[in-house]
Amino acid sequence: PAPFKTTGAEGIAPVVATLQKVWTRLQKVHPVLPDATIVIKRDSRAWGHTTINKVWGSQSVKGRGKAKVATLDSNRYEVMVSGENLSRGASAVMATLLHEAAHALNLAAEKRDVDSNGRHNKTFKATAEEAWGLEIRDAGNYLGWTDTYMPEAAAKRWAVEIRMVEAALRKASVAHHPAATTNPGVSVTPPPAPGKTKTGGRAKNLSRA
């Protein structure tokens, strides 16, 4: 995408708030889409991620003093959009959110759409394309059917949401990934294969765990 100007005046708060609103709008399209808490963090290995467990929720405290007990109710998945992703523009960010929403729909339906190594299968492809109108291509590596595109028809379908994200991005601090700014069209470098370090040696930090 072409470079765009941002003020950085409000950090990433506008983007987080807007993506949360967009998620709510997606739930109106597909009411079975589960609740999710949107987070943004710097991550050069992935444009986005969805937890397979519900890790966010509410907390209540009962009692006083030593009798005080905190109860946690985990009822929301976490959907992450990387800071590096933001520099790709609103359409790409919206495509990532829809990608993660496809995962969330499959989680709700108890459909397995990735293997233990993160390889996306055709179940994921079908959900992403049928539910949200994305185009999913085989990445040509161990990640499988994960290469995500926003076709023209989908861009028209989600035009309002894309404009919402664009307005938020222009207020925000954007983390730029070199591949996204110096060589448009180059995808983010995928993470090293499970069990391997970047240099090809065996990982020693409990990668299986």
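The crossing of helices H2 and H5 is right-handed. In this predicted model, the axes of H2 and H5 come within 8 Å and cross at roughly 120°. Where the two helices meet, Ala90, Ser91, Val93 and Met94 of H2 touch Glu161, Ile162, Val165, Glu166 and Leu169 of H5.

Let's look at H5 itself. Its buried residues are Glu161, Ile162, Val165, Ala168 and Leu169. These cover an arc of only 125° around the axis, so they sit on the same side of H5. Among the elements that cover the buried residues of H5 are H1, H2 and helix H4 (152–157).

Helix H1 also has a set of buried residues: Pro14, Val15, Thr18, Leu19, Val22, Trp23, Leu26 and Gln27. They pack against E1, E4, H2, H3 and H5.

How do the lengths of H1 and H5 work out? At 1.5 Å a residue, each helix has an expected span, and for H1 this agrees with the distance between its end C-alpha atoms, as it does for H5.

| Helix | Residues in helix | Expected span | Distance between end C-alpha atoms |
|---|---|---|---|
| H1 | 17 residues | 24 Å | 25 Å |
| H5 | 13 residues | 18 Å | 19 Å |

Now to the interior. In soluble globular proteins, nonpolar side chains tend to be buried together. Here, the largest nonpolar core holds 38 residues, and the members that touch the most others are Leu19, Trp23, Leu26, Trp132, Met150 and Trp158. At least two residues of this core come from each of helix H1 (13–29), strand E1 (36–41), strand E4 (69–82), helix H2 (90–108), helix H3 (122–132) and helix H5 (159–171). H2 gives the most, with 10 residues.

Met150 is a good place to see these parts come together. Which residues is Met150 in contact with, leaving aside its neighbours within four places in sequence? They are Ser91, Met94, Ala95, Leu98, Leu134, Ala155, Trp158 and Ile162. Two of these names may be familiar: Met94 and Ile162 also take part in the meeting of H2 and H5.

Finally, step back to the whole chain. It has 6 helices and 6 strands, and along the sequence they follow the pattern α-β-β-β-β-α-α-β-β-α-α-α. Of its 209 residues, 36% count as buried. Among contacts in the chain with a separation of 6 or more, 63% are between residues 24 or more positions apart.

Notes:
Residues are numbered from 1 along each chain as its sequence is written. This is a predicted model: local features need pLDDT of at least 70, side-chain atom pairs count only at pLDDT 80 or more; totals for chains, interfaces and linings use all residues. Side-chain values use heavy atoms; hydrogens and water are left out. A nonpolar core is a set of buried Ala, Val, Leu, Ile, Met, Phe, Trp, Tyr and Cys residues joined through side-chain atoms within 4.5 Å. Buried means under 20% relative accessible area, exposed over 50%, partly exposed in between (1.4 Å probe, protein chains only). Helices (H or I, at least four residues) and strands (E, at least two) are DSSP runs, numbered from the N terminus. Contact means heavy atoms within 4.5 Å. The expected span of a helix is 1.5 Å times one less than its number of residues. The arc is that of the directions from the helix axis to the C-beta atoms. Axes are lines fitted to C-alpha atoms, for helices over the stretch in contact, and angles run from 0 to 180 degrees between N-to-C directions. A crossing is left-handed if the near helix is turned anticlockwise from the far one by less than a right angle, and right-handed if clockwise.
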